[in-house]
Every structure is written in structure tokens, then in C-alpha cells.
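Please open the model in your viewer and keep the selection tool at hand. The tour goes from the ligand outwards to the strands.

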Amino acid sequence: MSDAATIVNPATEAVVDVVPNTPADEVDAAIARARAAAPSWRAVAPADRARLLRRFAEAVDGDVEHLAGLEVANSGHTIGNARWEAGNVRDVLQYYAAAPERLFGRQIPVAGGVDITFREPIGVVGVIVPWNFPLPIASWGFAPALAAGNTVLVKPATLTPLTALRLRALALDAGIPEDVFQVLPGQGSVVGQRLVDHPDVGKIVFTGSTDVGTQIMAGCARHVKRVTLELGGKSANIVFADADLERAAAAAPMAVFDNAGQDCCARSRILVERSAFDRFMALLEPAVAGVRVGDPSLDGTEMGPLISAGHRSSVAAFVPEGAPVAFRGTAPSGPGFWFPPTVLAPVAPDDPAFVEEVFGPVVAVVPFDDEADAVRLANDTPYGLSGSIWTSNLGRGLRVARAVETGNLSVNSNASVRYGTPFGGFKRSGLGRELGPDALDAFTEVKNVFIATDG
Ligand code: TAP
């Protein structure tokens, strides 16, 4: 087991940094510090906790360019995306900065006294983050957790710890006490596992693969530990013949190739009504050819490299020799973990690229016969995270949105995430919801108190 992770720029393969892994005994010490800090953090007056979170948001805002540059170098994200991601952390912090003063309980009518509910913090929250969106996904856990009065330990992915470490420095600058928000880089099998196993961590927020998430849920069950899971996806982009086909085809590439397809919400299945199939493919081809793939640090680049050589191999396995490639975009040659945008059609119903999460820039396009067939195909997956419906018939848009078994649907749009609305998966895509007004529920326990008024 290595004592440090060598951080590699996925676009150049140059070494960017070396980050020490946190050993198990230091994880335990950090958990003890977080536990000791919890009573004083929850006792901070609501307005003061709100002020500290707003100052943290301001510190992030002042550091957007720096954070974005780190993410480009560490993760190969395009500079445009990385700026959005850093801005999303700011926005999520600002949004939940309003929460400490609005953690309302209820007064419930009962006989013989007054009954009131409180929303108490859970205590210590562990946030385990994947490598695909290191900045936003960390904040979707830590911002509401801190707002609700919990102390937080963030475990970034081994491949991408740099922006989380920077956020920790910004939090300290903003005045968040040092044991209230800690970042513990290191391996999942050591740091992540310890957060799951340790009885003093009251809640785990995990984002990552369905396989690891399933193990984490089992680990949390041993302590009846609270858990939120955001896992994999195999989302469908459903295009009806009555849709604005030009718009749907123009938008489809970035609905799957954004972040080089390393997106749990990637619409990696495009389902097109049979009567519009040929027309849609004719419109899709130039849109895919036009995706600007290259140096992610340049403004205007739309797609960068994959995260690692190992991940590129697993993506490439979905496009073996003889795969039904309809057309492809471009990718640079030379150093870097590049893979061109790739469109597969026609695919067999059991083609792994149509059935499994690819997590790379590969999409399968499949025809459907009618609305019922579209819904059947969309739901024929163990996942249920996201998806899109393109149609000019609003009634059909709503009907299909209600019928597709996923947590986040967009009609005539490929949007998935807004900090003010709930995000999460049906079926094996996860458990619980992040973001939006209800996320605080996942970081608090409801306490009921009855006060007798007789006698
Ligand atoms: P994973 O391999 O599952 O890793 C995710 C995180 O868990 C990493 O920090 C990892 O640490 C850690 N980990 C690994 N084994 C662990 C264990 N036994 N105990 C505790 N923690 C452990 O996923 P990934 O490859 O990083 O990310 C890709 C997956 O994430 C995809 O399936 C994708 O769909 C999913 N994802 C889902 C969403 C949402 S919101 N649903 C968002 C983004 C990504 P190491 O880095 O050290 O391995």
C-alpha cells in the first residue's frame, strides 16, 4: 500500500502533485476531533453559523479561477466546466447558508400539553466523493451537513484530491473551525472504509459506483448508520418524431459527451421514434463531428480526456473490433487519456454499451415504435437516475416523465442538476436525495418533545 498518491494531469500525463494518504490511525484521530468539535459547532448561534457559511461561499467565489485551474490540471475538466463547478460550490454554500435560521420544527396539537419537534444534527458526517465531479459532489454533502450543525469529514477520490484540499484551506480562511470541516485524502479501502466502520461517524454520504455503494450500505447497516447513496446511471434521451429534431440532435452530444461521458447523468442511450430515426441520425452526425475535443485549459474546448489510462481501457472495451460504430468525433493523439466521441448504431439489445454504464464518450442509438415502447426501453435497466424527453406534445412529455422510473427528468432540455431542486436516483441509482429544500432532512434527526401543561 502506497503512502502517497501521485496526481497525474490526464491531458498531458505530467505529474502534477504527490498527496500523502491518510493512515488509518490518523483517520481515527480526525473522527475523534470531529466528534469533540460537534457540541460547540451545533451551539453556534444560527445567524453566526449562517454568516460563516456565507463567508465560506465568498472565499470560494474569490478563488474560482484558482479552483478551476486545479480541476483542469487534476481531472482534465474543460476550463468552462471547471469554472461552473467551482461556482456551483459557492452557490450550494450560499443556498444552505439560509438553512441554519430556517431549521423549523413543528408544534403538533395534543392533549394535556404542548408538543414540539426539533431537528437535531446527527453529529459527525462522512462524505465520500468520486473522481468525476470532485468539487460539486463534495459540496452537495458538506454544505447542508454543516448548515444543519454537523461536523464533516470529506474523503476525496484518490485520483482527484486537489480541489477538496483547497476547499479545506478556504473554509479555514473563512473562519470555519478546523475540526468542523476536515479533508482526508487516501484510499477508499482505508479512509472510506474507516468512515463507514467507525461507530462515531453517524452518517455517510457516498457518491460512486453501484458496487461500492452496495458494500457501503451493508457496512452502514451494521451500525444502523444513516446513509445517502448517489450511484450509477444509464439514462435515456427519448426523442419523439414530433420533437424539434434539430434542437434535440444539436443538444444530444453534450448530454452524453460532457465531461467525456464521465457523468452519472450521461444520456448514454438515445431512443428515437422509428419514423424520425434516419433524419435524427443525419442531424446527429455533424453535431458529433463538431464537438471540440482537446486541450481542456483552452476556452472553447468542449470535451477533455478521460481520467486515467485504466479508465480509458475500460471505456475502450465497450467499442471492440467490429463494434457497430455509426460515426465518431475526433480526439487528439499523443500524451493524454483521449477517447473520441463514439456513436453506436444499430446495437443488439444485449450489447454491453446499451445495457451497462460506460462512463465514457460512447452512446448507443436505438429506434422505438410508440410511446409504450419508449417507456419500456427506458425502464429496462436496473438504474434510474436521469433522462430527457423531446416532444412538442406537452401532455405526452408529462405522461412519459411520470412513467420513466428515474429521479430527474427534463422535457425538451437535458438539464439534470440545479442546487435548488432535489437530485437522486430510483432503483440501483441510489437512496435518498441531495440538494433542494429537503436535503436538510438527510442531515438531521427529528426529535419530539412533549411538555405537560396540566398541574
Ligand atoms: P467508486 O470506485 O465507487 O469510488 C467512489 C469513492 O468511494 C472514491 O472516493 C473511492 O476511493 C471510495 N471507495 C472505494 N472503495 C471504498 C470502500 N470500500 N469503502 C469506502 N469508500 C470506498 O466510484 P468512482 O469510480 O470513483 O466513480 C464513478 C462512479 O460514480 C460511476 O458509477 C458513477 O455513475 C458514479 N457517480 C454517481 C453520481 C450520482 S450523483 N449518482 C455522481 C457521480 C458519480 P478511491 O478513490 O480511493 O477508490
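Select the ligand together with Val129, and look for the backbone N or O atom of Val129 that lies 2.7 Å from an oxygen atom of the ligand, a polar contact in the sense of a pair of N or O atoms within 3.5 Å (within protein, one must be able to donate a hydrogen and the other to accept it, and residues adjacent in sequence count only if both atoms are side-chain atoms). This is a predicted model, in which local features need pLDDT of at least 70 and side-chain atom pairs count only at pLDDT 80 or more, whereas totals for chains, interfaces and linings use all residues. Residues are numbered from 1 along each chain as its sequence is written, and side-chain values use heavy atoms, with hydrogens and water left out.

Add Gly188 next, where a backbone N or O atom lies 2.8 Å from an oxygen atom of the ligand. Then show the side chain of Gln193, which has an N or O atom 3.0 Å from a nitrogen atom of the ligand. Taken alone, the ligand exposes 910 Å², and the protein buries 87% of that (accessible areas come from the Shrake-Rupley method with a 1.4 Å probe; for residues, only the protein chains shown count as cover).

Now select the residues around the ligand, that is, those with a heavy atom within 4 Å of it. There are 30 of them, and Val129, Thr158, Ser209, Leu231 and Glu357 come nearest. By class, this shell has 15 nonpolar, twelve polar and three charged residues, where Ala, Val, Leu, Ile, Met, Phe, Trp, Tyr, Cys and Pro count as nonpolar, Asp, Glu, Lys and Arg as charged, and the others, Gly among them, as polar.

Move on to the strands, which are DSSP runs of E of at least two residues, numbered from the N terminus, and which pair if DSSP finds at least two bridges between them. Which order do the strands of the open sheet of six follow? The order is β7-β6-β5-β8-β9-β17, with mixed pairing, and the edge strands β7 (181-183) and β17 (430-431) each pair on one side only. Select β5 (residues 124-128) and β8, which pair in the parallel sense over four bridges; here Val127 stands opposite Val205 in β8.

Finish with the open sheet of seven strands, in the order β12-β13-β14-β11-β10-β15-β16 and again with mixed pairing. Its edge strands are β12 (325-328) and β16 (410-411). Select β13 (residues 342-344) and β14 (residues 362-368), a parallel pair over three bridges, and find Val343, whose bridge partner in β14 is Val363.
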